[in-house]
Amino acid sequence: MAMLLIKNIGVLATAVGNNAHGGAAQHNGVRLIRDAAVLINGDAIVRVCENGEAPECDNVIDAGGRLVTAGLVDAHTHLIFGGWRQHEVPLKLRGAGYLEILKAGGGILNTLTATRKATEDELYERAEKALNEMLLSGVTTVEAKSGYGLDVENELKQLRVIRRLANEGGFSVVPTFMAAHAVPPEFKGDPDGYIEFIITEILPKVADEELCEFVDVFCETGVFDVTQSRKMLEFASIYGFKTKIHADEINAIGGSVLAGEIGAVSAEHLIAIDGAGISSMAKGGVIACLLPGTSLYLNKDFAPARKMIEAGVPVAICTDFNPGSCPSSNLQLCMNLGYLKYRMTPEEVLTAVTLNAACAVDRGDTIGTVEAGKQADLVIWDAEDLDYLVYRMGSNLAKTVIRKGKIVK
Ligand code: NIG
Ligand code: FE
């Protein structure tokens with residue numbers, strides 16, 4: 001296996017260990033190593049050197065005194081979809097709410113039609129394009145949800161696309177089954193019937209083909225209530241899948257409390273979370289996947305990240321990339337929003353998009369930090385330090401991207 005050395009690193013900024021960090025550790029757990037070098041063997045990091053020390057190696061990248069971090073992880077995207085929804089923006093600007101648009105057959109249900117129409121190859125090409133864009137901006141692992149098919153054939157189609165992206169495309173993608181994303185027209189007014197249908201007709205097939213690792217549900221007023229969400233996720237656990245839950249995005253109807261009670265790996269959105277939700281998540285060891293791009297795009301409040309961190313809940317920051325509430329896959333922009341709007345420190349933001357996000361996709365033991373033994377996913381940034389990286393807005397500062405030891409940019 002070829003050895004590769006990244007030398008002359010001005011600052012190597014990394015969280016440490018395999019477990020998510022909340023509380024003071026989300027900030028204090030970050031090491032800032034000056035004059036560092038990283039030695040890679042094949043797809044693994046074998047050594048991290050400090051104080052200007054650098055072993056002999058034939059294959060060298062000179063980082064030119066720049067900032068280096070672990071590859072970023074986007075732990076929440078709705079990557080697989082047909083069509084876009086630009087026609088909704090004027091409605092939104094005239095004051096129509098997200099749930100109002102959904103109730104009128106727009107929103108997720110609009111994307112449902114376009115996704116059902118699209119072939120597997122069409123969906124593959126679109127997702128591949130998005131993943132390449134993300135990779136070139138330093139995002140080396142991406143979680144991807146189904147949830148725009150909402151029937152047997154089309155949910156499986158979406159999940160098979162995710163599998164192909166990993167197998168043929170070589171992308172590091174983590175598949176999540178989210179048929180419980182909206183109630184499809186076939187079950188209009190009957191969310192209970194639809195949940196029963198997912199559990200008896202779709203979930204067993206997903207399990208047979210081993211098409212997902214996680215199951216997610218949209219627990220929200222007018223979508224699925226707590227009882228329905230609990231049922232969905234309990235059956236997911238019976239099949240051996242790990243769980244996530246879209247909770248408290250618009251209304252705190254109990255989704256985050258449920259996440260803590262059932263020990264979900266993560267809860268998502270949490271804009272409207274209350275004290276009961278925060279303590280349940282802290283008790284249950286649930287990671288908060290916060291989505292500042294969605295708050296920006298829907299013109300909503302930003303989730304109370306500081307309260308969660310202070311309560312010991314590990315916070316991850318993700319894009320929520322989807323055609324409606326966040327048509328952007330720009331995780332660097334979300335880092336900037338995390339800094340400015342969540343008022344997280346640059347170190348907390350780094351933990352949020354590396355180690356905590358890795359743990360939110362159950363990959364904390366292999367990615368998310370720059371330490372010997374971890375997979376060699378690294379980014380050299382056009383930045384002198386972490387403060388600069390989170391201060392800039394909207395530009396792609398990724399200069400060199402390494403995934404599994406290979407230079408991809
Ligand atoms: O996470 N909140 C529910 N689902 C997505 C939006 C999907 C869409 O609008 O197409 C979200 O924001
Ligand atoms: Fe989402």
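A residue is called buried under 20% relative accessible area, exposed over 50%, and partly exposed in between. Lys404 has a relative accessibility of 35% and therefore counts as partly exposed. This residue belongs to a predicted model, and the paragraphs below proceed from the whole chain to the metal site and then to individual residues.

The protein chain contains 16 helices and 16 strands. Its C-alpha trace spans about 65 × 45 × 45 Å along the principal axes. For 409 residues, a compact globule would be expected to have a radius of gyration near 22 Å, and the protein chain, with 21 Å, agrees with that expectation. Buried residues constitute 57% of the 409 residues. Among contacts in the protein chain with a separation of 6 or more, 73% join residues that are 24 or more positions apart.

The surface may be described in terms of area and charge. About 15,400 Å² of the protein chain is exposed, and carbon and sulfur atoms supply 49% of that area. The chain carries 38 positive and 52 negative side chains, and the centres of these two sets lie 3 Å apart.

The model also includes an iron ion, ligand 2. Which residues coordinate the iron ion? The donors are His76, His78 and His246, each through NE2, together with Asp320 through OD, at 2.0 to 2.3 Å. Their spacing in sequence follows the pattern H-x1-H-x167-H-x73-D. Two of these donors can be placed with respect to the protein surface. His76 is buried because its relative accessibility is 0%, and His78, with a relative accessible area of 2%, is likewise buried.

Attention now turns to Leu211, which is located in the loop between helix H7 (191–208) and strand E9 (214–217). Is this residue buried or exposed? Its relative accessible area is 3%, so Leu211 is buried. When neighbours within four places in sequence are set aside, Leu211 is in contact with Leu156, Leu159, Arg160, Arg163, Pro175 and Val206. The C-alpha atoms of Leu211 and Val161 are 9.8 Å apart in space, while the two residues are 50 residues apart in sequence.

Ala166 lies in helix H6, which comprises residues 152–167. With a relative accessible area of 27%, Ala166 falls between the two cut-offs and is therefore partly exposed. Not counting residues up to four places away in sequence, Ala166 touches Phe171 and Val173.

Backbone geometry supplies the last topic. Most residues other than glycine have a negative phi. Against this background, Asn51 has a positive phi of about 55 degrees although it is not a glycine. Asn51 is found in the loop between strand E3 (44–49) and strand E4 (60–62). Its relative accessibility of 68% is over the upper cut-off, so Asn51 counts as exposed.

Lys404, introduced at the outset, also has a positive phi, near 50 degrees, and is a residue other than glycine. Where does Lys404 lie? It occupies the loop between strand E15 (398–403) and strand E16 (406–407). Thus Lys404, partly exposed at 35%, and Asn51, exposed at 68%, are each placed in a loop between two strands.

Definitions and conventions: Residues are numbered from 1 along each chain as its sequence is written. Chains are lettered from A and ligands numbered from 1 in the order in which they are written. This is a predicted model: local features need pLDDT of at least 70, side-chain atom pairs count only at pLDDT 80 or more; totals for chains, interfaces and linings use all residues. Side-chain values use heavy atoms; hydrogens and water are left out. Helices (H or I, at least four residues) and strands (E, at least two) are DSSP runs, numbered from the N terminus. The radius of gyration is taken over C-alpha atoms; the globule rule is 2.2 Å times the number of residues to the power 0.38. Buried means under 20% relative accessible area, exposed over 50%, partly exposed in between (1.4 Å probe, protein chains only). Contact means heavy atoms within 4.5 Å. Accessible areas come from the Shrake-Rupley method with a 1.4 Å probe; for residues, only the protein chains shown count as cover. Lys and Arg count as positive and Asp and Glu as negative; His and the chain ends are not counted. The place of a charge is taken as NZ of Lys, CZ of Arg, CG of Asp or CD of Glu. Donors are N, O and S atoms within 2.8 Å of the metal (3.2 Å for Na, K and Ca); water is not among the atoms, so sites may look incomplete.
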